[in-house]
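User: Could you take a close look at one part of this model for me, the first sheet and what packs on it, and then follow the chain outwards to the rest? I'd enjoy one connected walk-through.

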Amino acid sequence: MQISLISPYGSLYNSGLRTISSVLKNAGFNTRMIFLPMPSTESGWNISPFCHIKYPESLLERLKAMTADSAVVGITLMDNYMQAGAQLTKALKREDNFIILGGVFPTLNPEKALQYADAVCIGDGEDAMLELVRQLDAGTMPGAIDNIYFHGASYPKLAYIHDISTLPLPDYGPEGHYVYVEHSDEILSFKSLDDYKPFMSFWPDSSTKEPIYIYRMETARGCPDNCTYCANNILKKVQAPKVRFRTIELIEEEILWVKEKFPYVTELFIEDDSFIARRDIRQTASLFKKYGLTFKCFFAPVYFTDELITHLIECGMTACQVGLQSRAPNTEEIYRRTAINRNIDEVLKYFTEKHPGFPLIVDLIVDNPWEKAEDTLYTIHYLLDNMPKNTILGISSLVFYNSTALCNRAVKENILDTSTDYQLKTWHWHRQNRIHYTTLLLVMLKLRLPRMLIRLLASKPVVFLLQRSLITQRLIPGLVKAIKKHYHIVKGPNIKDSKY
Ligand code: B12
Ligand code: SF4
């Protein structure tokens with residue numbers, strides 16, 4: 001039986017969909033994987049405040065032809081790809097095929113996702129998809145499968161894979177793998193694993209002339225923490241209650257496989273929310289060093305110790321991304337991050353004193369409707385006083401994900417209109433209809449403008465004068481649009497967002 005698996009994401013990583021493909025292949029089914037990265041519509045230069053993607057009709061026609069032999073079409077979706085998923089299912093649905101959606105969007109919004117497809121998968125998809133395909137292959141009407149919510153049926157029984165080390169390595173083809181290249185409007189067929197090269201390239205900073213090649217890797221699923229805005233807030237309830245770690249033996253097996261199949265790769269991006277919480281993190285980092293691979297990972301401040309970060313840097317950590325989101329006590333409480341942010345002073349002191357040039361990425365959330373200007377100013381002054389000079393600020397606009405504690409609060413307080421497609425709001429601060437003056441101050445910090453100047457502009461009287469609706473809703477967004485338009489003309493239309 002032929003199955004087509006489709007990903008609309010900008011990145012070709014797709015660990016979940018690739019593992020599903022491996023499981024199906026191991027059971028004797030044929031899979032085809034189609035990747036549809038659309039950088040120009042998702043790029044930061046798009047001025048819409050929503051993540052709208054419009055596939056060309058001709059592309060949908062080619063996808064129809066490509067999936068004509070497929071009894072099952074599976075599509076992976078995050079919230080911001082909801083509309084892309086709707087377009088694809090509408091175009092690819094036939095009387096005689098079965099379309100299933102999986103990923104974070106259907107997991108958090110099963111009823112909404114079911115409007116488009118024959119079924120949705122909630123949480124882990126490997127066992128569920130295999131059982132679905134087996135039942136369809138046997139010619140029976142599929143029914144009662146853990147995690148699969150069928151159109152017209154009731155919410156399914158949920159199950160999860162307890163030991164994720166039992167799963168096969170992700171499927172990278174190359175046979176049966178295709179990618180859409182938007183600028184040439186072509187669907188390329190992967191002929192060898194070298195064809196993945198352009199999709200694995202990464203410029204560590206603007207001064208680098210040659211790209212490095214990265215392999216994104218999963219060593220665990222889930223997060224030990226529980227921030228109120230994060231998808232993990234729900235995934236803990238409906239996917240798996242605890243973090244699941246892959247064994248170090250399996251990580252070594254994957255590294256050996258990467259070294260053999262992708263000899264051009266020199267760096268690993270550890271995509272786990274919880275790499276830092278691994279009990280064997282020191283050994284795992286030493287393993288990367290043993291195989292000559294540098295790496296980048298995320299960490300939450302609470303897990304910081306001087307000894308641990310020193311070890312990670314010695315093992316080849318070239319950058320790390322720290323979630324701070326806010327330093328204002330009120331906002332930390334709203335996000336349930338008071339405990340997680342605990343060691344941030346030590347983190348910033350460590351990098352300032354020991355590795356001032358290290359690319360430390362600090363993530364912040366703006367546009368929180370409950371946050372007052374003085375709270376954002378508190379974070380700004382905190383960063384002005386403590387941030388190492390080479391810090392890279394990641395500024396994201398708050399997006400409400402369905403059923404999270406923060407989303408529920410927004411619904412209860414009538415802040416969020418659930419009759420709208422609020423999932424499609426973009427996280428890009430510069431694409432919002434309203435841009436706070438305090439966001440602009442953070443952007444100045446991100447651009448490394450003199451801190452003296454920012455301090456002056458962040459003084460209470462100036463903020464009082466400039467944080468007015470005419471300025472935040474008209475003047476600043478207008479100015480940002482004009483700058484982007486000008487920059488767009490200078491740099492050309494296909495610039496990817498700097499963050500991804
Ligand atoms: C790796 C990652 C990325 C990578 C790679 C994305 C990619 N192409 O795969 C990068 C860095 C590019 C990325 C980008 C973004 N990401 Co991201 N990312 C993740 C992360 C950390 C891990 C995802 C992952 O691989 N998980 C492991 C696999 C095994 O799980 P899975 O993908 O969910 O798949 C399983 C099931 O969902 C299901 N399934 C999935 N697809 C399908 C399909 C079918 C047919 C079936 C049956 C089942 C099924 O089965 C799979 C196997 O069990 C998650 C965090 C998380 N906790 O999930 C965030 C997460 C998915 N990202 C998120 C977001 C918001 C983004 C961004 C939009 C913005 C941002 N500021 O980060 C951008 C989007 C950029 C873009 N243009 O696409 C949010 C999504 C929230 C939401 N409600 O949609 C998450 C959940 C983070 C969070 N904690 O809030 N991301
Ligand atoms: S620490 Fe990060 S990944 Fe974990 S729950 Fe909080 S925001 Fe989500």
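Analyst: Helix α4 (residues 82-92) lies across β1 (2-7), β3 (72-76) and β4, and α4 runs at about 170° to β3. Please keep in mind throughout that this is a predicted model.

The strands under α4 belong to an open sheet of eight, ordered β6-β5-β4-β3-β1-β2-β7-β8, with mixed pairing. At the edges of this sheet stand β6 (148-150) and β8 (186-189); each has a single partner strand, so one side of each is left without a neighbour in the sheet. Neighbouring strands here are turned against each other by 20° on average, direction ignored. For a detail of the pairing, take β4 (residues 98-102) and β5 (residues 119-121): they run parallel and are joined by two bridges. Leu101 has Val120 in β5 as its bridge partner.

The loops of this region deserve a stop too. Most residues other than glycine have a negative phi, and most peptide bonds are trans. Between β6 and β7 (177-181), the loop contains Pro174, and the peptide bond leading from Gly173 to Pro174 is cis, with omega near 10°. In the loop between β7 and β8 sits Asp185, a residue that is not a glycine and yet has a positive phi of about 55°. Is Asp185 buried or exposed? Asp185 counts as exposed, because it has 11 C-beta neighbours inside 10 Å.

Gln423 takes us to a later part of the chain, in the loop between α16 (405-412) and α17 (437-446). Which residues does Gln423 contact, leaving aside its neighbours within four places in sequence? They are Asp79, Asn80, Met82, Asn109 and Asn402. Met82 falls within α4 (residues 82-92), the helix we began with. Gln423 is also 8.9 Å from Cys51, C-alpha to C-alpha, although their positions lie 372 residues apart in sequence. With 22 C-beta neighbours inside 10 Å, Gln423 counts as buried.

The helix that follows this loop, α17, has Tyr437, Thr438, Thr439, Leu441, Leu442 and Leu445 as its buried residues. Just after α17 comes Arg448, with a positive phi of about 60°.

Now for the second sheet. It is open as well, with seven strands in the order β9-β10-β13-β14-β15-β16-β17 and mixed pairing. Its edges are β9 (201-202) and β17 (392-397), each with a single partner strand, so one side of each is left without a neighbour in the sheet. Within this sheet, β10 (residues 212-217) and β13 (residues 267-270) pair in the parallel sense over four bridges, and Ile214 has Glu267 in β13 as its bridge partner. Strand β15 (residues 317-325) holds Gln325, which is not a glycine but has a positive phi of about 70°. Gln325 counts as buried, because 25 C-beta neighbours lie inside 10 Å.

How do these parts fit into the domains? The protein chain is divided into domain 1 (2-166) and domain 2 (199-216 + 253-399 + 428-491). Their centres, taken over C-alpha atoms, are separated by 31 Å. Where does ligand 1 lie with respect to domain 1 and domain 2? Both domains give residues to the shell around ligand 1, so ligand 1 lies between them.

That shell leads back to the first sheet. Of the 41 residues around ligand 1, Gly10, Gly16, Gly74, Gly102 and Gly125 come nearest. The elements giving two or more residues to this shell are α1 (15-26), β3, β4, α5 (104-108), α7 (126-137) and α9 (232-238). Strands β3 and β4 are thus familiar names, as α4 lies across both. With five residues, α1 gives the most. By class, the shell around ligand 1 has 18 nonpolar, 15 polar and eight charged residues.

Ligand 2 has its own surroundings: Cys223, Asp225, Asn226, Cys227, Cys230, Asn232, Asp273, Ala300, Gly323 and Ile340. By class, five of these residues are nonpolar, three polar and two charged. Gly323 comes from the stretch of β15 (residues 317-325), the strand in which Gln325 lies.

Definitions and conventions. Residues are numbered from 1 along each chain as its sequence is written. Chains are lettered from A and ligands numbered from 1 in the order in which they are written. This is a predicted model: local features need pLDDT of at least 70, side-chain atom pairs count only at pLDDT 80 or more; totals for chains, interfaces and linings use all residues. A residue is near a molecule or strand if its C-beta atom, placed from the backbone, lies within 6 Å of it. Ala, Val, Leu, Ile, Met, Phe, Trp, Tyr, Cys and Pro count as nonpolar, Asp, Glu, Lys and Arg as charged, and the others, Gly among them, as polar. Two strands pair if DSSP finds at least two bridges between them. Axes are lines fitted to C-alpha atoms, for helices over the stretch in contact, and angles run from 0 to 180 degrees between N-to-C directions. Two residues are in contact if their C-beta atoms, placed from the backbone, lie within 7 Å. A residue is buried if 20 or more other C-beta atoms lie within 10 Å of its own, exposed if 12 or fewer, and partly exposed in between; C-beta atoms are placed from the backbone. Domain bounds come from an automatic or database domain assignment.
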